[in-house]
Amino acid sequence: MLVTVHDEGYLRHETPSNHPESPNRVLSALSGLSGLAKVIKPMVNVDLIETAGLVHEYHYVEYVTSLCATGGWLDQDTYVSKGTCDALNSSVNALATAVNLLKSGVRYVYLPLRPPGHHAGFRGRALMASTQGFCILNNAAIISSLLLKGGASRVAVLDIDAHHGNGTQEIFYNTSRVFYISTHQDPRTLYPGTGYVNETGVGDGEGFNMNIPLPPMTGDDLYKIILRPIENALREYKPDYVVVSLGFDAHYLDPLTNLNLSLNSYIEVFLMIRRLINEGVTGGSVYVLEGGYNSDVIKQGSRALAMVSNGVDSIRIEDPTRTDAGVVKYFNKMIEQHKALFTQYW
Ligand SMILES: [Zn+2]
C-alpha cells in the first residue's frame, strides 16, 4: 500500500492571497487518498540547516531561515512566511522518514509536501532564472542526496512537472550518481527558460541529464511516445531508487501552463514506475509533490497514484487527449534531436 508522510507543518507555509501555491493543495492531495493510503507522520527529527546543506549553500539556507522571523519575499514569486520554517522542518523530516521507509522495503512513498522544490538551486535561483518559482528548498535533490548518503549507488529523478526543474538539473549536472530526466513544456514558452535537449550534463555527469521539452498543447498520444526512451534509459541505468518530482501542472486544466495532458499520462508514468519495481529494475519510488494548481487534478491524480501503487491496472478517470497535427510537427523535430544526441549514451 502507498505510504504517505503528512505533517501539519506543510500547511503553515503561507502565501499572500490569490497566490496559486496555497495550503489547500496539500488538503486536495490528502482528500484523494482517502482509504487508499497509509498516512503517517514524520518519524525522525533531522537538523534543517544540516540537511538542506546537503544540496544548498550554507549562506542561502541561513538567509531563508532568518527570513522566517519576519516574513518577506525572496523574489517576486516566492514568499517566506513566519510559518515557512515549520513547513521546511516538516519537509526535511518527511524526506528523512521516506529514506528510512524505502530502506526498510516500502516500495511506494508519497510526500504531498509544500513549498515545492525543483526550481531551487545551490544558491536559490538556478541557471539564471528570473525567480525561484515558489520553491525554497529542493526536496527531490535533498532526498536523492540522503539516499546516496544512506548507501545507494545511483538514484534517478524523474521530473514530470510542466516546468523544467532547473534547480535539480543544476545541483546534479556533473554527477553520474543522480540521473535527472525531465519532461516539461518547451522552455521558449514557459518559465524558467531552461531544459533544452542539448543540456546533457558535464564531466562525470555527461549523458546523465535528459531533457524532453514538449511543445505547448502536447497531448497524451505524444506523451506515451516519449515514455519509451525514458523507460529504456532507466532500465539501463538501474537506479537503486526513483524519485519522482510530481507536478500536476502538465494537466490541461492547469491555470499556469499550456500542455494538454490528461491524468491518463500520469497513470502511464505510475504504471511504468510500478513495472520497473516489479521487475527488479529499481528498489522503490518516492513521489515528491512539486507544482499543480487545479485542486481537483491534484485530488484525482493523487487518487490514481494510490490506486496504481496498490496494484490496480485499469483506471479511467477521463478521456485521453490527442495532439493537433500542427503541434506534432514540432514534437517530431524535438524527438529527432533527442535520438541523435542520446543514442551515444543510452
Ligand atoms: Zn510547475
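V269 lies in helix α8 of this predicted model. With a relative accessible area of 1%, V269 counts as buried, because buried residues are those under 20%. Apart from neighbours within four places in sequence, V269 is in contact with L158, I160, Y223 and L227. The C-alpha atoms of V269 and E279 are separated by 15 Å, and these residues are 10 places apart along the chain.

Y266 also belongs to helix α8. Its relative accessible area is 2%, so Y266 is buried as well. When residues up to four places away in sequence are left out, Y266 touches I160, L246, G247, F248, D249, A250 and H251. I160 is thus listed among the contacts of Y266 and among those of V269. Y266 and G301 are 35 residues apart in sequence, but their C-alpha atoms are 7.4 Å apart in space.

Helix α8 also enters the description of the nonpolar interior. The largest nonpolar core has 58 residues, and those with the most contacts inside it are Y110, L158, I230, L246 and I273. Helix α8, which covers residues 263–278, gives the most to this core, with 10 residues. A second, separate core of 49 residues includes C85, A98, L137 and V155. Within the largest core, I230 is one of the residues with the most contacts. Not counting residues up to four places away in sequence, I230 touches L158, I181, T183, M210, I212 and M272. L158 is a contact of I230 and also of V269.

G301, the residue 7.4 Å from Y266, is one of the buried residues of helix α9. Helix α9 spans residues 295–309 and contains 15 residues. From its first C-alpha to its last, α9 reaches 21 Å, close to the 21 Å expected at 1.5 Å a residue. The buried residues of α9 are V297, I298, G301, S302, A304, L305, A306, V308 and S309. What covers them includes the helices α1 (24–33) and α8, together with the strands β1 (2–5), β5 (108–111), β11 (241–246) and β12 (285–289).

Helix α4 spans residues 84–103 and contains 20 residues. The distance from its first C-alpha to its last is 29 Å, close to the 28 Å expected at 1.5 Å a residue. Of the 20 residues of α4, 16 are buried, so this helix is largely enclosed by the rest of the structure. α4 is followed by G105, whose phi is positive, near 105°.

The model contains a zinc ion, and its protein donors are D161, which is listed with two OD atoms, H163 through ND1, and D249 through OD. These donors lie 1.9 to 2.8 Å from the ion. Along the chain they follow the spacing D-x1-H-x85-D. The angles subtended by the four donor atoms run from 52 to 154°, which makes the arrangement irregular. For comparison, the ideal angle for four tetrahedral donors is 109.5 degrees. D161 and H163 are both buried. D249, the other donor residue, is among the residues touched by Y266 of helix α8.

Some features of the backbone are also of note. Most residues other than glycine have a negative phi, and most peptide bonds are trans. N18 has a positive phi, near 75°, and is not a glycine. N18 is found in the loop between β1 and α1. Its relative accessible area is 80%, so N18 is exposed. K238, likewise not a glycine, has a positive phi of about 50°. K238 is placed in the loop between α7 (220–237) and β11. At 46% relative accessibility, K238 counts as partly exposed.

Cis peptide bonds occur before P115 and before P192. The bond from R114 to P115 has omega near 0°, and P115 is in the loop between β5 and β6 (120–121). The bond from Y191 to P192 has omega near 5°, and P192 is in the loop between β9 (178–185) and β10 (209–214).

The feature "domain: Histone deacetylase" is placed at residues 19–305 by UniProt, in an unreviewed entry. Over residues 19–305, the chain is 38% helix and 16% strand. The C-alpha atoms at the ends of this stretch are 26 Å apart.

Notes:
Residues numbered from 1 in each chain as written. Predicted model: local features only at pLDDT ≥ 70, side-chain atom pairs only at ≥ 80, totals over all residues. Heavy atoms only, no water. Donors = N, O, S within 2.8 Å, 3.2 Å for Na, K, Ca; no water. Tetrahedral: all angles 85-135°; square planar, octahedral: opposite > 155°, others 65-115°. Buried < 20%, exposed > 50% of the residue type's maximum accessible area, 1.4 Å probe, protein only. Core = buried A, V, L, I, M, F, W, Y, C linked by side-chain atoms within 4.5 Å. Helix = DSSP H or I, 4+ residues; strand = E, 2+ residues; numbered from the N terminus. Contact = heavy atoms within 4.5 Å. UniProt positions renumbered as here; feature names shortened; annotations may be inferred. Expected span 1.5 Å × (residues − 1).
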